[in-house]
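Biologist: I am new to this structure and would like to go through it with you. Could you bring it up so that we can begin?

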Amino acid sequence: MSISIRETGTAGSSTNGGLAVAASGSLPPLSLYIHFPWCVAKCPYCDFNSHALREALPEARYIDALLADAAVQAPRVAGRSIETVFLGGGTPSLFPPAALGRLLERLRASLGFSSATEVTLEANPATVERGRFAEYAAAGINRVSLGAQSFDSETLRVLGRIHQPSDVFRAAEELHAANLANFNLDLMFALPDQDVAGALADLVTALSLQPAHLSHYQLTLEPGTLFAAQPPPLPAQDLAWDMQAACHAVLAARGFAQYEVSAFARSGRQCRHNLNYWRFGDYLGIGAGAHGKLTRHAGGRLTIERSTHLREPRRYFASAAGGPEWRTIPAADLPFEFAMNQLRLNEPFDVATFSARTGLPAQRIAAPLAALEGRGLLARSPALVGNVWQVTARGRELLNDVVQSFLPTTNFDAAAGI
Ligand SMILES: C[S@@+](CC[C@H](N)C(=O)[O-])C[C@H]1O[C@@H](n2cnc3c(N)ncnc32)[C@H](O)[C@@H]1O
Ligand code: SF4
């Protein structure tokens with residue numbers, strides 16, 4: 001198993017385990033993920049639900065489908081308000097500001113946004129014409145995530161990117177001018193033929209554009225992609241670690257604190273939307289292939305349901321008005337699901353939060369916590385009172401192992417008497 005380090009919602013589980021779990025406390029914060037499944041061209045490394053656009057963008061039709069999708073899901077979140085919205089893809093910036101403005105206005109009315117909702121737009125630097133960011137800001141976008149990837153023209157060509165380094169410089173300038181200084185740059189490293197100096201040069205250039213947040217991903221060969229079938233000449237893993245260590249040191253020195261496996265932010269500029277995923281919060285998912293997760297308290301029990309939508313745009317159009325498919329996560333899977341999210345974060349976690357989020361007793365994860373402590377991969381947080389834990393530096397290096405320790409085992413359930 002490997003932990004996916006890029007986030008657009010998590011995969012659903014199958015059947016209802018039917019375990020009785022205690023329900024107490026309030027519901028977690030609620031987010032909204034909106035997926036836009038088209039791109040100008042498909043990048044050879046990308047396994048996201050994105051499809052090269054071969055005809056005119058079905059702009060109005062897609063916005064209508066998203067609204068119908070949201071309308072059918074709205075009763076499930078009645079009385080709650082949306083704290084964060086993420087327009088991801090694909091390339092949502094293919095949609096003009098007026099279309100996204102109409103969408104956001106209608107969603108605000110039907111779902112209810114909190115007074116300070118974070119609204120992030122994922123943008124490809126090549127798709128944003130001059131002046132567009134000011135219009136996106138007027139349409140309600142208050143945070144942007146820009147896919148820079150690299151500032152080396154030849155590398156961008158090999159990656160199949162449709163933008164040039166100059167597009168990112170211009171986009172960053174426009175973001176600052178449009179009062180959208182709260183923006184993220186996505187950067188990849190361990191790119192074809194890259195060395196440590198090349199990775200550092202990309203990072204230093206990215207930081208010169210004054211982003212508030214930086215996501216730093218190691219290029220991975222995802223099954224089913226063109227790169228997996230025909231791999232480019234990638235640096236050896238030892239060299240990739242050297243690049244990562246050198247880049248992390250520069251980020252720290254420039255005031256970007258790491259708060260997740262791949263996420264770095266200036267003080268107060270963490271992505272609230274992704275933080276809610278990682279803290280095992282709730283989210284609605286609308287759009288082709290979008291996933292959702294909702295917590296329910298009913299009859300003294302807490303249950304968590306996940307939703308999935310069909311990935312292929314044509315099939316989504318046909319099914320959107322009926323909403324997604326919902327499945328209850330078996331209680332036995334919840335410790336792993338919680339760990340897979342929460343342990344990506346550098347912050348300590350309280351076992352009381354585990355119980356509040358999952359409805360399971362602390363005893364349910366006592367055995368993996370003790371075993372991981374014994375291996376030096378988790379430690380009790382000495383500065384904090386309560387049952388508070390932190391992944392150690394060694395644990396971060398072996399995060400897959402750490403998370404796998406929370407997988408359901410029949411032996412463990414029997415031993416714990418649950
Ligand atoms: C949802 S994607 C796409 C955002 C936007 N469409 C773009 O490409 O500009 C978010 C980020 O994941 C990263 N990413 C995508 N595929 C990756 C891979 N195979 N390995 C590492 N990072 C990847 C890229 O940095 C990308 O910007
Ligand atoms: S532009 Fe982004 S979402 Fe689209 S194919 Fe490339 S990496 Fe994937």
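Biologist: Which residues is Leu 87 in contact with, leaving aside its neighbours within four places in sequence?

Modeller: In this predicted model, the contacts of Leu 87 beyond those neighbours are Ile 34, Phe 36, Pro 92, Leu 100, Leu 104, Val 119, Thr 120, Leu 121, Glu 122 and Ile 141. Leu 87 also belongs to the largest nonpolar core, which has 68 residues. Together with Ile 34, Leu 107 and Phe 133, Leu 87 touches the most other members of that core.

Biologist: And what lies apart from that core?

Modeller: Another core, of 25 residues, lies apart from it. Ala 339, Leu 343, Leu 378 and Val 403 are among its members. As a general point, nonpolar side chains in soluble globular proteins tend to be buried together.

Biologist: Let us turn to strand E7. How many of its residues are buried?

Modeller: Strand E7 covers residues 183–189, and seven of its seven residues are buried. Phe 183, Leu 185, Leu 187 and Phe 189 point one way from E7, while Asn 184, Asp 186 and Met 188 point the other way. Residues on both sides are buried.

Biologist: Which way do E7 and strand E6 run, parallel or antiparallel?

Modeller: They run parallel, with five bridges joining E6, residues 143–149, to E7. Strand E8, residues 213–218, is also parallel to E7 and is joined to it by six bridges. Asn 184 takes part in both pairings: Ser 145 has Asn 184 as its bridge partner in E7, and Asn 184 has His 213 as its partner in E8.

Biologist: What about empty space inside? How many cavities of 30 Å³ or more are there?

Modeller: A search of the whole structure finds four. The largest cavity holds about 740 Å³ of space and is lined by 47 residues. Phe 48, Gly 89, Glu 122, Gln 149 and Asp 186 are the lining residues nearest its centre.

Biologist: Which element gives the largest share of that lining?

Modeller: E6 does, with five residues. The elements that each supply at least two residues include E7, E8, strand E4 (82–89), strand E5 (113–123) and helix H9 (272–278). By class, the lining of the largest cavity divides into 20 nonpolar, 18 polar and nine charged residues.

Biologist: Now the pockets. What is the volume of the second largest one?

Modeller: The second largest pocket has a volume of about 270 Å³. Its lining includes Trp 38, His 51, Arg 54, Glu 55, Glu 312 and Phe 317. Strand E3 (51–52) and helix H10 (313–319) are the elements that give two or more residues to this lining, and H10 has the largest share, three residues. The lining has six nonpolar, one polar and five charged residues.

Biologist: You mentioned Gly 89. Which residue does its cis peptide bond join it to?

Modeller: That bond joins Gly 89 to Gly 90, with omega at about 15°. Gly 90 lies in the loop between E4 and helix H2 (97–111). In general, most peptide bonds are trans.

Biologist: Which way does the sign of phi go at Asp 193, positive or negative?

Modeller: Phi of Asp 193 is near 65°, a positive value in a residue other than glycine. Asp 193 sits in the loop between E7 and helix H6 (196–208) and counts as exposed because its relative accessibility, 66%, is over 50%. Gln 210 also has a positive phi, near 60°. Gln 210 is found in the loop between H6 and E8, and at 45% relative accessibility it counts as partly exposed.

Biologist: One last topic: in what order do the strands of the open sheet that contains E15 stand?

Modeller: The order is E15-E17-E16, and the pairing is antiparallel. Strand E15 (349–350) and strand E16 (378–380) are at the edges, each with a single partner strand, so one side of each has no neighbour in the sheet. Three bridges join E16 to strand E17, residues 388–391, and Arg 380 stands opposite Trp 389 in E17.

Technical notes. Residues numbered from 1 in each chain as written. Chains lettered and ligands numbered in written order. Predicted model: local features only at pLDDT ≥ 70, side-chain atom pairs only at ≥ 80, totals over all residues. Heavy atoms only, no water. 1 Å grid on protein atoms, 1.4 Å probe; cavity = no way out; pocket = protein on both sides within 12 Å on 5 of 7 lines; lining within 4 Å. Points joined across faces, edges and corners; volume = space filled by probe spheres on them. Helix = DSSP H or I, 4+ residues; strand = E, 2+ residues; numbered from the N terminus. Nonpolar A, V, L, I, M, F, W, Y, C, P; charged D, E, K, R; others polar. Core = buried A, V, L, I, M, F, W, Y, C linked by side-chain atoms within 4.5 Å. Buried < 20%, exposed > 50% of the residue type's maximum accessible area, 1.4 Å probe, protein only. Contact = heavy atoms within 4.5 Å. Pairing = 2+ DSSP bridges.
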